[in-house]
Amino acid sequence: MNINPNFSTFNALINLITVRDICEPFIDSYSSDQKVEEIWESWTESCLFKQVDPMEQIAVIKKDSKVVGWVGFDMLHYTDIMDCIDQINGDSLLSSNTPILKALQTMTFQKESIFLVLNESTFVGFLHLDHFNKLPFRICLFSLLIDIERLILEILKSSPTKYLSNLTENRLNKAKEVYRNKKFNYDENGLEYDAQLVECTFIVDKFTMLKKSKDVIAVCPNLSNDFISKVDRIRNATAHPSANDEKLPLKNMKDLFPFILWAEELHKQLSEYIFANH
């Protein structure tokens with residue numbers, strides 16, 4: 001099978017998505033001369049109507065028709081709204097046309113947690129790291145992990161019997177159970193065909209089989225990274241539609257960009273191994 005190490009489904013998809021695809025619109029815009037109590041009541045009513053959590057929204061504050069700052073619901077502590085706001089900071093602005101991966105990189109290494117989004121010169125919404133849990137980005141992340149699994153399977157199928165010997169009896173039995181459920185054929189001795197049996201292993205088992213192969217590790221050192229332990233949970237979280245509104249299984253969303261860098265590099269390493277050995 002000819003695999004181009006410079007191509008991935010992830011790159012093809014991620015380049016189609018920009019900040020506008022996952023940012024959230026402001027709950028509203030308010031005037032600097034409005035009372036905080038009035039803003040609080042309007043905010044609450046808007047959230048009830050839109051059925052959204054008021055604590056997850058922000059609003060912009062205008063003075064003489066010009067945006068001078070933004071405010072969160074939990075910031076409405078003072079009598080004067082101008083005492084509540086965060087002023088506009090050039091370091092926390094993003095264009096709505098910004099590629100989504102570039103936005104993630106910027107947000108990962110900036111101390112600001114909320115970025116205001118501009119469409120040309122107009123403020124149109126805001127972006128938080130939690131917004132990367134949305135479906136457009138999850139699809140891209142899923143495609144990256146599926147591509148990696150496909151490359152791993154390509155290696156495993158080149159010598160399936162050897163690689164299957166790296167699994168414990170318990171994990172091998174799990175694969176045999178999947179094999180049976182898929183109704184694959186058995187050989188004349190009633191045994192599974194190893195080339196099909198490796199397809200029935202879980203993604204964590206596929207990584208295990210490769211990690212125990214010294215020649216693969218020599219070319220693919222990213223297989224030894226701690227991120228391996230997160231792959232199975234992240235893949236499962238992005239694979240099922242019912243999980244679309246749930247957060248990715250990361251302790252800190254600032255780990256997301258380093259995880260993607262690691263996965264992209266692993267994709268490259270696996271592709272190079274296949275080119276060199278198959």
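**Exercise 1.** In which helix is Phe-142 found? Then describe how far Phe-142 lies from Asn-189.

*Solution.* The model used here is predicted, and the residues can be located in it step by step. Phe-142 is found in helix 4, which covers residues 135-156. With a relative accessible area of 25%, Phe-142 is partly exposed, because that class lies between the cut-offs of under 20% for buried and over 50% for exposed. Turning to the second residue, we find that Phe-142 and Asn-189 are 47 residues apart along the chain, and that their C-alpha atoms are separated by 38 Å.

**Exercise 2.** Work out which parts of the chain are tied together by the salt bridges of Arg-235, Lys-157 and Asp-205.

*Solution.* The count comes to seven salt bridges, and three of the pairs are taken in turn.

- Step 1: Arg-235 forms a salt bridge with Glu-149, and the closest N and O atoms of the pair are 2.9 Å apart. Since Arg-235 lies in helix 10 (residues 228-239) and Glu-149 in helix 4, the pair ties together parts that are 86 residues apart in sequence. Both Arg-235 and Glu-149 are buried.
- Step 2: Lys-157 forms a salt bridge with Glu-199, with 2.6 Å between the closest N and O atoms. Lys-157 lies in the loop between helix 4 and helix 5 (160-164), while Glu-199 lies in the loop between helix 7 and helix 8 (203-211), so this pair ties together parts that are 42 residues apart in sequence. Lys-157 is partly exposed at 36% relative accessible area, and Glu-199 is partly exposed at 33%.
- Step 3: The side chains of Asp-205 and Arg-171 meet in a salt bridge of 2.9 Å, N to O. This pair links distant parts of the chain, with Asp-205 in helix 8 and Arg-171 in helix 6, 34 residues apart. Asp-205 is buried at 3% relative accessible area, whereas Arg-171 is partly exposed at 24%.
- Step 4: Glu-149 and Arg-235 appear again in a network of salt bridges, in which they are linked with Lys-206.

**Exercise 3.** Decide how the rings of Phe-132 and Phe-137 are arranged, and then do the same for Tyr-179 and Phe-184.

*Solution.* The count comes to 11 aromatic pairs. The ring centres of Phe-132 and Phe-137 are 5.2 Å apart and the planes stand at 90°, so this pair is edge-to-face, because planes over 60 degrees apart are given that name. Phe-132 is buried, with a relative accessible area of 0%, and Phe-137 is buried as well, at 1%. The rings of Tyr-179 and Phe-184 have their centres 5.2 Å apart and their planes at 65°, so this pair, too, is edge-to-face. Here Tyr-179 is buried at 0% relative accessibility, whereas Phe-184 is partly exposed at 22%. Elsewhere, Tyr-30, Trp-40, Trp-43 and Phe-73 form one aromatic cluster.

**Exercise 4.** Where do Gln-51 and Lys-183 lie, and are they buried or exposed?

*Solution.* Gln-51 lies in the loop between helix 2 and strand 2 (58-63), and although Gln-51 is not a glycine, its phi is positive, at about 55°. Because its relative accessible area is 73%, Gln-51 is exposed. Lys-183, which is not a glycine either, has a positive phi of about 60° and lies in the loop between helix 6 (169-181) and helix 7 (194-197). Its relative accessible area of 71% makes Lys-183 exposed.

Definitions and conventions:
Residues are numbered from 1 along each chain as its sequence is written. This is a predicted model: local features need pLDDT of at least 70, side-chain atom pairs count only at pLDDT 80 or more; totals for chains, interfaces and linings use all residues. Side-chain values use heavy atoms; hydrogens and water are left out. Rings of Phe, Tyr and Trp (its six-membered ring) pair if their centres lie within 6.5 Å; planes under 30 degrees apart count as stacked, over 60 as edge-to-face and the rest as tilted. Buried means under 20% relative accessible area, exposed over 50%, partly exposed in between (1.4 Å probe, protein chains only). Helices (H or I, at least four residues) and strands (E, at least two) are DSSP runs, numbered from the N terminus. A salt bridge is a side-chain nitrogen of Lys or Arg within 4 Å of a carboxyl oxygen of Asp or Glu.
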